[in-house]
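Me: I should like to learn how to read the boundary between two domains. Could we work through an example together?

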Amino acid sequence: MFKLRKELGQHLLLSQGVLRRIAESLLLSEDDILVEIGGGTGNLTKILLEYPLEKLYVLEIDTQMVEKLKVIKNKKLKVIQADATRFRFCSLGKRLKVTGNLPYNVASLIVENTVINKDCITLGVFMLQKEVALKLAGKSKVSWLTLLLNTFYETEYLMSIPPRFFTPKPKVESGLIRIRRKYNAPALNIPEFKKFLTTLFCARRKMLKKKIPENILKKAGIDPSLRVEQISAEEIIRLYNVYEELR
Ligand code: SAH
């Protein structure tokens with residue numbers, strides 16, 4: 001027997017129905033290279049291997065879980081002990097799909113790392129805390145990460161999953177999202193754009209002119225007395241371009 005580690009977000013997904021829904025949402029085909037994040041005891045891994053794909057890489061941080069995953073014998077499978085919040089996905093290929101029942105405590109960092117690796121990630125299906133999933137899909141109060149993600153990916157909210165489908169049960173509801181890379185995404189420097197977005201989204205109730213010089217707001221055609229929640233994603237990108245040009 002082994003003990004599940006809460007601090008690593010180890011809540012195993014038991015529902016065969018939900019596991020299959022994740023696999024199907026990946027729209028897999030024979031030549032796909034898929035990366036699963038947080039393989040755990042392999043519940044999702046085993047289902048994914050029933051679908052067409054060329055290669056399945058599984059990232060897992062916990063040595064105990066890595067040993068369990070290594071018991072699964074399949075020549076398409078490769079288990080890698082790594083931290084998915086910093087892993088360089090592009091080292092595995094140029095066109096990857098990614099998925100996982102993510103460890104919720106670091107789910108946002110993993111989504112951010114996906115965007116950092118956007119040049120080689122075309123599609124993702126993630127299980128995360130429902131509140132975060134709704135935010136990322138633009139269905140509740142948006143965050144800087146919503147903006148960062150949705151600049152490069154179309155995000156869909158697929159379904160909600162109650163705690164009883166996991167063991168041990170998480171305290172919160174879960175949500176499944178799918179992200180698909182946009183063809184017409186702007187070529188932006190991600191660390192710079194992130195810095196700009198976090199400035200814009202800190203102290204949301206403050207007027208934009210308290211965060212960004214007024215001349216820049218005016219040149220971008222945005223009323224300086226508005227708050228960040230009152231402007232659209234397109235306006236934010238326009239503002240960023242002017243900001244980059246003038247600062
Ligand atoms: N996919 C399995 C387990 C999900 S639980 C299932 O659905 O049953 C989340 C898993 O992510 C755990 O196995 C945990 O050890 C792993 N994990 C936690 N932090 C991680 C990180 N930073 N990088 C990679 N894996 C991580």
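Reply: One may begin with the area hidden where two parts meet. In this predicted model, domain 1 and domain 2 bury about 990 Å² between them, and 82% of that area lies on carbon and sulfur atoms.

Me: Which three residues of domain 1 supply 50% of the area that it buries against domain 2?

Reply: They are W144, L147 and L148, and no other three residues supply more.

Me: Where do the two domains lie along the chain, and how many residues of each are in contact?

Reply: Domain 1 covers 6–181 and domain 2 covers 190–246. Across the boundary, 12 residues of domain 1 are in contact with 11 residues of domain 2. The centres of the two domains, taken over C-alpha atoms, are 31 Å apart.

Me: What is the count of salt bridges between the domains, and which side chains meet in a salt bridge at 2.9 Å?

Reply: For such a pair, one looks for a side-chain nitrogen of Lys or Arg within 4 Å of a carboxyl oxygen of Asp or Glu. The count between domain 1 and domain 2 is 1 salt bridge. The side chains of E112 and K194 meet in a salt bridge, at 2.9 Å from N to O. Polar contacts are counted separately: 2 residue pairs are in polar contact between the domains.

Me: Which elements give two or more residues to the side of domain 1 that touches domain 2?

Reply: These are α4 (107–116) and α6 (144–152). Of the elements, α6 gives the most, with 5 residues. By type, the residues on this side of domain 1 divide into 7 nonpolar, 2 polar and 3 charged.

How values were computed
Residues numbered from 1 in each chain as written. Predicted model: local features only at pLDDT ≥ 70, side-chain atom pairs only at ≥ 80, totals over all residues. Heavy atoms only, no water. Domains from an automatic or database assignment. Contact = heavy atoms within 4.5 Å. Buried area = accessible area lost by both parts, 1.4 Å probe. Polar contact = N/O pair within 3.5 Å; in protein donor to acceptor, adjacent residues only side chain to side chain. Helix = DSSP H or I, 4+ residues; strand = E, 2+ residues; numbered from the N terminus. Nonpolar A, V, L, I, M, F, W, Y, C, P; charged D, E, K, R; others polar.
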